[in-house]
Amino acid sequence: MPVTDEAIEKIKAMIVSGELRPGAKLPKEADLAGRLGLSRNSLREAVKALSLIRVLDVRQGDGTYVTSLEPDILLDALAFVVDFHQDHTVLEFLEVRRILEPAATAMAARVMAEEDIAGLAELLQDLDEAATLDETIANDLEFHRRIAAGSGNTVLSSLIDGLSGPTTRARIWRGLTEEGAAERTRQQHRAIYDAIAGRRPELAHAWATVHVAGVEHWLRESLGEPGSALD
C-alpha cells in the first residue's frame, strides 16, 4: 500500500474507532507521525487528502480538527466529483434522480414542516409566465432542493443535491428547444406542491416520478436512445 494511503487508513481507523471524535483536534504532527509510524511528509499528504473530502478541517495557526462528519459535509465532495461527468452519462444521472427524488417527495409529504410548505408556495408564486429561462431553472433547482431537505433525511437530501448539477444542462436544453416546457414544469411543480400540502405521499411520489421521467423521456428521444422512462 502506498505510504499516503496507509496514512489515510490509519487516521480513518482512529476516527472510526472513536479515538478521534467529531470536532476533536488531532495531536501535533510530529507526535501523531511517531505514534502511527509514519513520516511527517506522508502524514501531511494524508491530512491534505482528508481535508479535501471534508473529513478533516485544517485551520491555519490553530491545528487540524475532525469535522462534524455530518452527511451534508461529507457528501459535499460528491458535487465536486460529479462535475467530471461526460455528456453521455446525463441519462444515468436522470435515472438515479428518478429513483431518489420521488422517494424524497413522498417523505416530504409526510414530515415537511408547515412553514416550509408555505415557503414552497411562495417559491411557486415568485415564478411568473414572464420569467426568463435562467430564472425558471434557478427556481426549479431551489424547488427540488427544498423538497429534498423537507424529507427529513440528510443523507438523501445531500445525495440529491450532489446529483442535480449534471442534469441542469439538460433542463436548459429542453427549455430552449421544447415548446411549452416551462409551462409544463410550472404545472407539475404545482401538482407536486398540492400533493405535499395535502399530505398525500403516494400522489406526491407519482407526480415527482412523472416530472423527472418527463425530462428523461425528452432527452432519450433527443439523443435517439432506446428505453424511454415513459414507455
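Is arginine 54 buried, partly exposed or exposed, and what is its relative accessibility? The first legend below picks that up; every view comes from a predicted model.

**View A. Arginine 54, a loop residue with a positive phi.** Look between helix H3 (40-52) and strand E1 (56-59), and you'll find arginine 54 in the loop that joins them. Its relative accessibility is 33%, so arginine 54 counts as partly exposed. The backbone is worth a glance too: phi of arginine 54 sits near 65°, a positive value in a residue other than glycine.

**View B. Leucine 69, a non-glycine residue with a positive phi.** Here the loop is the one between strand E2 (63-66) and helix H4 (71-74), and leucine 69 is part of it. Phi of leucine 69 is about 60°, so positive although the residue is not a glycine. With 25% relative accessibility, leucine 69 counts as partly exposed, since buried would mean under 20%.

**View C. Helix H6 and the bend at arginine 97.** Helix H6 covers residues 90-111. It has 22 residues and reaches 31 Å from first C-alpha to last, close to the 32 Å expected at 1.5 Å a residue. How much does H6 bend at arginine 97? The answer is about 25°. Arginine 97 also turns up in View F, as one of the residues that histidine 144 touches.

**View D. Helix H6 packing against helix H11.** H6 meets H11 (residues 181-197) at an angle of about 40°, and their axes are 7 Å apart. That makes the two helices oblique to each other, because an angle under 35 degrees would be needed to call them roughly parallel. On the H6 side, Thr105, Ala108 and Ala109 make the contact, and on the H11 side it's Ile192, Ala195 and Ile196. Sort these by class and you get five nonpolar residues, one polar and no charged ones. As for the spacing of such residues, an α-helix has 3.6 residues a turn, so those three or four places apart point the same way.

**View E. Glutamate 95 of H6, with contacts far along the chain.** Glutamate 95 belongs to helix H6. Its relative accessible area is 31%, so glutamate 95 is partly exposed. Which residues does glutamate 95 touch, not counting those up to four places away in sequence? They are Glu216 and Arg220, and both of these appear among the buried residues of H12. Alanine 213 is worth finding as well: its C-alpha is 8.1 Å from that of glutamate 95, with the two positions 118 residues apart along the chain.

**View F. Histidine 144 and aspartate 140, two buried residues of helix H8.** Helix H8 (residues 133-150) holds histidine 144, and aspartate 140 is in H8 too. Histidine 144 has a relative accessible area of 9%, so it is buried. For aspartate 140 the value is 7%, which means it is buried as well. Leaving out residues up to four places away in sequence, histidine 144 touches Arg97, Glu101, His189 and His211. On the same basis, aspartate 140 touches Arg171, Thr185, His189 and His211. So His189 and His211 show up in both lists.

**View G. Helix H12 and the glycine that follows.** H12 (residues 201-223) has 23 residues and reaches 33 Å from its first C-alpha to its last, close to the expected 33 Å at 1.5 Å a residue. Which residues of H12 are buried? Among them are Pro201, Ala204, Ala208, His211, Val212 and Trp218. After H12 comes glycine 224, with a positive phi near 70°.

**View H. Tryptophan 207 of H12 and its contacts.** Tryptophan 207 lies in helix H12. It has a relative accessible area of 32%, so tryptophan 207 is partly exposed. Apart from neighbours within four places in sequence, tryptophan 207 is in contact with Gln188, Ala191 and Ile192. Ile192 is also part of the H11 side of the contact in View D. From tryptophan 207 to arginine 190, the distance is 9.8 Å, C-alpha to C-alpha, for 17 residues in sequence.

**View I. Glycine 175 in helix H10.** Glycine 175 is found in H10 (residues 168-177). At a relative accessible area of 33%, glycine 175 is partly exposed. Its contacts, leaving aside neighbours within four places in sequence, are Leu133 and Ala181.

Note on methods. Residues are numbered from 1 along each chain as its sequence is written. This is a predicted model: local features need pLDDT of at least 70, side-chain atom pairs count only at pLDDT 80 or more; totals for chains, interfaces and linings use all residues. Side-chain values use heavy atoms; hydrogens and water are left out. Axes are lines fitted to C-alpha atoms, for helices over the stretch in contact, and angles run from 0 to 180 degrees between N-to-C directions. Helices (H or I, at least four residues) and strands (E, at least two) are DSSP runs, numbered from the N terminus. Angles under 35 degrees count as roughly parallel, over 145 as roughly antiparallel, 65 to 115 as roughly perpendicular and the rest as oblique. Contact means heavy atoms within 4.5 Å. Ala, Val, Leu, Ile, Met, Phe, Trp, Tyr, Cys and Pro count as nonpolar, Asp, Glu, Lys and Arg as charged, and the others, Gly among them, as polar. Buried means under 20% relative accessible area, exposed over 50%, partly exposed in between (1.4 Å probe, protein chains only). The expected span of a helix is 1.5 Å times one less than its number of residues. The bend at a residue is the angle between axes fitted to the seven residues ending there and the seven starting there.
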